[in-house]
Amino acid sequence: MTIKQHIHSILITTIIITPHAHSITRTIEPTRSRSTQHYTVAIIGTGYVGLVSGAGLAEFGNTVICADIDQNKIDILNNGNIPIYEPGLKDVVARNIEARRLMFTADVDAAIKQADAVFIAVGTPMGADGSADLSYVESVVNTIARNIDNYKVVCTKSTVPIGTGAWIERTLLAHGVDADLFDVVSNPEFLREGCAVKDFLEPDRVVIGANTQKALNIMCGLYNHLFAQGTPHVLTTVTTSEMIKYASNAFLAAKLSFINEIANLCDATGGDAHTVAYAMGLDNRISAQFLKPGPGFGGSCFPKDSQALLYMGEQNNVKLPVVQASLITNETQKTKPLEKLLQHMHNNLASKTVAVLGLAFKANTDDVRYSPARQTIQGLLDHGAHVKVYDPAAMENMKALFPAIEYCDDTYQAVENADAIIVMTEWDVFKHMNLERVRSLVAQPLLIDARNIVNTDELTALGFTFDTIGRAYLNQ
Ligand code: UDX
């Protein structure tokens, strides 16, 4: 047994620290020294997770060096611009650059050398077989191995499969790095695109998987600001921490698929899924969050992480039928908006003009990864429709996938002469569109609201035929 394994086996179980809660066990917990120590963090990867985490850790008072091999991205950041769409991020970045707590560099080697903790925040995309592709992580680990000459915490911030921490440890040792020079820890991120800054600065919990006291002290020191505010800290092993991230995302995904199934059944029976969800959510054991029926979940995390969990199940001969069902239901759900439109248009969309309002997988992001709007647009094109679209932020990203559809400057240009409108994303601009003006512009007053955000009383008054997901209506 190595010293590391020994420490692991005797020290680490799980503790939860809140101002009022007791620890489940107290065999290992942060020592007092962490509160006074100042640490330097290197964040490798200035994508979504890296940038928000870097800015957030700097906001907590740490010195943060964000490093990326992409010089272009670093130049953009050093010029005070943000290469991603995330409300509020620009201000936090600017404030911390000004305070000299946040820096950007393309010199990854130098960033690692200066750091007490190196956060790996590069992408872990879905591989062809559903597994997480760790090639970017591997490349960062190799770079760390080349540059480590004093003790550092090596922390996975990206979502990585269970066992990755142990694999990083083996890889560093295989590169000849002395075991005393590092500890690998897991500190998963629970950021939602569109409110990532708030999620980082005011999280429900901080999860830290560390197998030694030394690493735990440094990690807790980085989050001391939150600890002082009473944010619950779950301190556990690396493996459990890795699992917490996947379990959280797959559970939320399953919750969504569940309510979408109920919504479909409500559509068939006349019930109202939104009232059902409201009543369910009043039960504290269920909670009201993530119970809005819609066109299915998308984004970079829920589909990818559920798929990766399934893959891990297969690798370990453990069946995960609930996770599998949630993905299957979600794929079907993505077809619902088009299905509803076809019903209303007697299966004939040839040469019809359809306006798609919203392209992003949800509001307040420019991300179209796994966005349900992609299925809808493809289906409309397959049926021979002319497709006009508008989205406040995601048009450029969608252009790469559908270059030939008509991209409009605003809602009203998109709906002009439309035989039907489909609302795919819950942007405020669609919630508050002037329906009277819309009515005056369309060729036919037909609207499918996949997000249940448009005022149905007004639609009725204006003579629209409309349909939604899981809502019982009077005009059908
Ligand atoms: C998610 C997790 O919430 C976050 O903790 C994790 O770290 C990354 O993945 P994100 O992908 O940004 O964040 O989006 P989220 O706000 O969670 O929404 C995911 C999907 O669920 C979206 O497609 C959204 O439209 C859908 N959704 C969400 C619903 O359909 N109904 C709801 O009630 C909530």
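How many bridges join strand 14 to strand 15? In this predicted model, four bridges link strand 14 (residues 446–449) with strand 15, and these two strands run parallel.

## The open sheet

Strands 14 and 15 belong to an open sheet of six strands, arranged in the order 12-11-10-13-14-15 with parallel pairing. Strand 12 (406–407) and strand 15 (465–468) occupy the edges; each has a single partner strand, so one side of each is left without a neighbour in the sheet. In general, the strands of a sheet pair through backbone hydrogen bonds, in either a parallel or an antiparallel manner.

At the level of residues, L447 has F466 in strand 15 as its bridge partner. Helix 15 (residues 336–344) lies across four strands of this region, namely strand 10 (353–357), strand 13 (420–423), strand 14 and strand 15. The helix runs at about 155° to strand 14.

## The ligand and its shell

The ligand is surrounded by 18 residues, of which E193, K292, G298, K362 and R451 are the closest. By character, the shell divides into nine nonpolar, two polar and seven charged residues. Helix 11 (residues 238–269) gives the most to this shell, contributing three residues.

Oxygen atoms of the ligand lie at short listed distances from both backbone and side-chain atoms of the protein. A polar side-chain atom of K362 is 2.8 Å from a ligand oxygen, and a backbone N or O atom of G298 is 2.9 Å from a ligand oxygen. For L191, a polar backbone atom is 3.2 Å from an oxygen atom of the ligand. Taken alone, the ligand exposes 660 Å², and the protein buries 92% of that area.

## The surroundings of T105

T105 is placed in strand 4 (residues 102–105). Which residues does T105 contact, leaving aside its neighbours within four places in sequence? The contacts of T105 are with I65, C66, A67, D68, I74 and A111.

T105 and L77 are separated by 28 residues in sequence, and their C-alpha atoms are 9.2 Å apart in space. A polar atom of the T105 side chain also lies 2.9 Å from the backbone nitrogen of D107.

Conventions. Residues are numbered from 1 along each chain as its sequence is written. This is a predicted model: local features need pLDDT of at least 70, side-chain atom pairs count only at pLDDT 80 or more; totals for chains, interfaces and linings use all residues. Side-chain values use heavy atoms; hydrogens and water are left out. A residue is near a molecule or strand if one of its heavy atoms lies within 4 Å of it. A polar contact is a pair of N or O atoms within 3.5 Å; within protein, one must be able to donate a hydrogen and the other to accept it, and residues adjacent in sequence count only if both atoms are side-chain atoms. Accessible areas come from the Shrake-Rupley method with a 1.4 Å probe; for residues, only the protein chains shown count as cover. Ala, Val, Leu, Ile, Met, Phe, Trp, Tyr, Cys and Pro count as nonpolar, Asp, Glu, Lys and Arg as charged, and the others, Gly among them, as polar. Two strands pair if DSSP finds at least two bridges between them. Contact means heavy atoms within 4.5 Å. Axes are lines fitted to C-alpha atoms, for helices over the stretch in contact, and angles run from 0 to 180 degrees between N-to-C directions.
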